[in-house]
Amino acid sequence: VRPHVLSIATKDSLARFIAWREEIGTASASTSGEDFADVAPKRWRSDGPPVIRLQAERLSDLLRFNRVEGLFMGLGVGARLRDAAPGLTVRLLGGYARSEGTFRGRVSAELEHGGWLYAARAGRSLDVTNDFPVPLDSGSSIGALFGVDDYDYVDRYGAGVSAVRMLARRRALARLELGWADDRAVSAHLTRGPLGRSTFFANRGVSAGNYLRSALTVQWHPDVSAEFMRPGAGAQISYLRGDGELNFQRLELRLNARRNAGRWTFASRLDAGAVFGTVPPQQLFELGNEQNLPGYGYKEFAGNQAVVLRGIAMYRLNVLMAPLQLSRRLWLPAPSPALSVSLQSGWTGASGPAARDAL
């Protein structure tokens, strides 16, 4: 194998760029990582002997820091059985929260078969109760080290099964879940981060109880998001139901749109939701600066009904367009500054006595 040599144009050529031939994201809109499965490394392919590796689904499963657990350190093991059981993957994860003095973990199995993804999992987790999160936001990983932990948590035991199906040539996704859950209250075990000066808020209240948990989620263009670069429009509607000691129904709608036109970028996102039934406090919608409402406090507004609208328009200035070369092998992306204006608006409402009791 001959070594690859990267050729880089001169700075004056790189700085001459002013526009893409196509809208950013258009060329890759119909592609997927699965398109390259036939040329993937052997350890990534779906065929071959079983593969067992130390791994986790998220980095926060291995290491995280928040005001409830303090420092959490975990270890995960994953086994892809491949030819021994085609499409089956088994995972085991466990860890210890030092300040809380608590073990958490889960065991799961996933089976890909005939265009479906079936899964079963059971475990104990520290779930985030924040509403309308951005993609890939699963809670505080390192922010609490510096005194920032804009999340509230519930200690949740659970077990269940799910089925996921891609539809309309991967343009839509449907997910059905059924299982059992037991919500329990947790409190903050730290008053401040070791590298920060601000004091942490107390963790929000929780109504404890177990319930049968059922959920249905349908997404249109699931890979389109106002926060990511892929252009287009996307939508998601989800329904969550609890039956048991906690009885509630939760309905959410999300609409995304993004357009890159020459120097201009436009993006918007609308979130709306409502909770019916007994309204456990952990199911309330709570809005504030962490939901992109600058100028307002931490979860300043709450209710069993909520709407949040966010939008941005950005204009690229076409200056400082060339990457910055620090050394022969080290480069930084071009600064490429832009002017932007954004709009955020939110509303919450309490529809009855149950919602006001939860507040």
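Here two people talk through a predicted model and ask what its labels rest on.

Colleague: Let's start with the big picture. What is the chain made of?

Modeller: Its secondary structure comes to two helices and 18 strands. The C-alpha atoms fill a box of roughly 65 × 55 × 45 Å along the principal axes. There are 359 residues, and 33% of them count as buried.

Colleague: What makes aspartate 152 buried?

Modeller: Buried means under 20% relative accessible area. Aspartate 152 has 0%, so the label applies.

Colleague: And lysine 299, buried or exposed?

Modeller: Lysine 299 has 5% relative accessibility, which is under 20%, so lysine 299 is buried too.

Colleague: How do you know that lysine 299 and aspartate 152 form a salt bridge?

Modeller: The cut-off is a side-chain nitrogen of Lys or Arg within 4 Å of a carboxyl oxygen of Asp or Glu. For lysine 299 and aspartate 152 the N to O distance is 2.7 Å, so the pair passes.

Colleague: Why do you say this pair ties parts together?

Modeller: Look at where the two residues sit. Lysine 299 is in the loop between strands E13 and E14, and aspartate 152 is in the loop between strands E6 and E7, so the bridge joins parts that are 147 residues apart in sequence.

Colleague: What about arginine 58 and aspartate 61?

Modeller: Their closest N and O atoms are 3.5 Å apart. That is within 4 Å, so this pair is a salt bridge as well.

Colleague: Why is arginine 58 called partly exposed?

Modeller: Partly exposed covers what lies between buried, under 20%, and exposed, over 50%. Arginine 58 comes to 39%, so that middle label is the one. Its partner, aspartate 61, has 3% and is therefore buried.

Colleague: How many salt bridges are there in the whole structure?

Modeller: The search finds 26. One of them pairs arginine 250 with glutamate 252, at 2.7 Å between the closest N and O atoms. Arginine 250 is buried, because its 8% is under 20%. There is also a network of salt bridges that links Arg64, Glu69, Glu100, Arg104, Arg124 and Asp155.

Colleague: What makes the link between arginine 316 and asparagine 318 a polar contact?

Modeller: A polar contact needs N or O atoms within 3.5 Å. These two side chains meet at 3.0 Å, so the distance fits. Arginine 316 is in strand E15, and its relative accessible area of 13% makes it buried.

Colleague: Now the surface. Which residues form the nonpolar patch?

Modeller: Leu176, Leu216, Val218, Ile237, Leu251, Leu253, Leu255 and Phe276, with about 660 Å² of accessible area together. Strands E9 and E11 each supply at least two of the patch residues, and E11 gives the largest share, three residues.

Colleague: Why can leucine 255 be in a patch?

Modeller: A patch residue needs over 30% relative accessible area. Leucine 255, found in strand E11, has 37%, so it clears that mark while counting as partly exposed.

Colleague: Last one: how many cavities of 30 Å³ or more are there?

Modeller: The search finds one. About 70 Å³ of space lies in the largest cavity. Its lining includes Gln55, Asp61, Gly76, Arg91 and Ser108. Strands E3, E4 and E5 each give two or more residues to that lining.

Conventions: Residues are numbered from 1 along each chain as its sequence is written. This is a predicted model: local features need pLDDT of at least 70, side-chain atom pairs count only at pLDDT 80 or more; totals for chains, interfaces and linings use all residues. Side-chain values use heavy atoms; hydrogens and water are left out. Patches are made of residues with over 30% relative accessible area and no salt bridge: like charges are joined within 9 Å, nonpolar side chains (Val, Leu, Ile, Met, Phe, Trp, Tyr) within 5 Å. Accessible areas come from the Shrake-Rupley method with a 1.4 Å probe; for residues, only the protein chains shown count as cover. Helices (H or I, at least four residues) and strands (E, at least two) are DSSP runs, numbered from the N terminus. Buried means under 20% relative accessible area, exposed over 50%, partly exposed in between (1.4 Å probe, protein chains only). A polar contact is a pair of N or O atoms within 3.5 Å; within protein, one must be able to donate a hydrogen and the other to accept it, and residues adjacent in sequence count only if both atoms are side-chain atoms. On a 1 Å grid over the protein atoms alone, a cavity is a set of points where a 1.4 Å probe fits but cannot get out, and a pocket is an open set with protein on both sides within 12 Å along at least five of seven lines; lining residues have an atom within 4 Å of a point. Grid points are joined across faces, edges and corners, and a volume is the space filled by probe spheres set on the points.
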